[in-house]
Amino acid sequence: AVDLDGNNVVAMHMLAAMTGGEDGDDEYGGKERASNEFVSALFDDFADTFDEKLGALGYKVPQLVGEAAYDLLRTSNDETFHSILDAGCGTGLAGRFLRPLVGGPLVGADLSKKMLELAAECTLTKGCGLKDDDAAKREESEEDERSSIPLYDKLASLDLETATLNELVSGIPGEPINGFDLIVAADVLVYIGDIQKLLVNFAKLSNGSDTKSSFLIFSCERIEDEKAPPSGWKLQSSGRYAHSKSYVTGQAENAGYELIGYEEIVPRMEKGEDVQGHLFIFVTGGDDEVVVVETIMDEL
């Protein structure tokens, strides 16, 4: 396919996946991340059927992220987060779980404009993971004005490795936003091998300081430490990246984060088998000792 169409970014990425995908020196095998063009093309084509297909695969990550965020609130003195960034928000599946946990802005960012168009149609009572029947019941039982309130306060098409705070929050009314209390990335890292730049930028976008904690929750597919290449990550034949726990925690520490919660998870099924994944919870900033989060994800 690449020989026939060298501009086919999806075929180029899948060729890299099928030719090894480790931290190699060849033209394709050492890809450190999927290109923006690949991610945009893949999810633009996938957008209209995204929720339905992932539902059939038992996709759990949005709910697991929401549970982890809720557990963070239970260990804090705050009733809600002041601001949340849903990094790689897609159609808004995670946003549905995050919205009740934030008292201020919920911002979503993604490379796929078609996915963002679908997320923009979501309100407090419809879309973003709600089935039509559930949405209808909510609209009947709740005030009509809720059906017109967007789930997200802002949506932006941006590269998460280079996105700036100004790009993410400009135009949002109210008090200035100096950073995010919580950043979540549900299955974003499966399209990035070398995660250093991403985590460094997440740290820049947070509002953690000497006196205030800021949190980061994300999932990725798992490769055991003893099976991981020297890089700590591998481009799999599926076209998605897997990361070892030691690699992820090491890169996060280099970016200024401390691990406070970890869970091995099954994010979805693929070809009838469990996909192996893990969920991380990190903190940056704060002058008090942080309580390690005991998640309830293993009960789901």
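**Core packing, helix α4 and two residues with positive phi**

In this predicted model, Phe 202 is in contact with Ala 87, Ile 183, Ala 185, Leu 216 and Tyr 257, when its neighbours within four places in sequence are left aside. Phe 202 also belongs to the largest nonpolar core, a set of 36 residues in which it is listed, together with Leu 85, Leu 168 and Phe 218, among those with the most contacts inside the core. Helix α9 supplies the largest share of this core, namely 4 residues. Apart from this core lies another, of 34 residues, which includes Leu 98, Val 102, Leu 106 and Leu 182.

The protein chain as a whole contains 10 helices and 11 strands, and 50% of its 300 residues count as buried. Among contacts between residues at least 6 apart in sequence, 69% join residues that are at least 24 apart. The accessible surface of the chain amounts to about 14600 Å², and carbon and sulfur atoms account for 46% of that area.

Helix α4, formed by residues 61-74, comprises 14 residues and spans 20 Å from its first C-alpha to its last, close to the 20 Å expected at 1.5 Å a residue. This helix is mostly covered, with 11 of its 14 residues buried. The buried positions of α4 include the nonpolar residues Val 61, Leu 64, Val 65, Ala 68, Ala 69, Leu 72 and Leu 73, but Glu 67 and Asp 71 are likewise buried, as are Pro 62 and Gly 66. The elements that cover the buried residues of α4 include the helix α5 (93-98) and the strands β4, β5 (213-222), β8 (258-265) and β11 (277-285).

Two residues stand out for their backbone geometry. Most residues other than glycine have a negative phi. Asp 187, although not a glycine, has a positive phi of about 60°, and Lys 271, also not a glycine, has a positive phi of about 55°. Asp 187 is located in the loop between β4 (182-185) and α9 (196-205), whereas Lys 271 is located in the loop between β9 (269-270) and β10 (273-274). With regard to solvent accessibility, Asp 187 counts as buried because its relative accessibility, 9%, falls under the 20% cut-off, while Lys 271 counts as exposed because its relative accessibility, 83%, is over the 50% cut-off.

Technical notes:
Residues numbered from 1 in each chain as written. Predicted model: local features only at pLDDT ≥ 70, side-chain atom pairs only at ≥ 80, totals over all residues. Heavy atoms only, no water. Helix = DSSP H or I, 4+ residues; strand = E, 2+ residues; numbered from the N terminus. Buried < 20%, exposed > 50% of the residue type's maximum accessible area, 1.4 Å probe, protein only. Contact = heavy atoms within 4.5 Å. Areas by Shrake-Rupley, 256 points an atom, 1.4 Å probe, with all protein chains shown as cover. Core = buried A, V, L, I, M, F, W, Y, C linked by side-chain atoms within 4.5 Å. Expected span 1.5 Å × (residues − 1).
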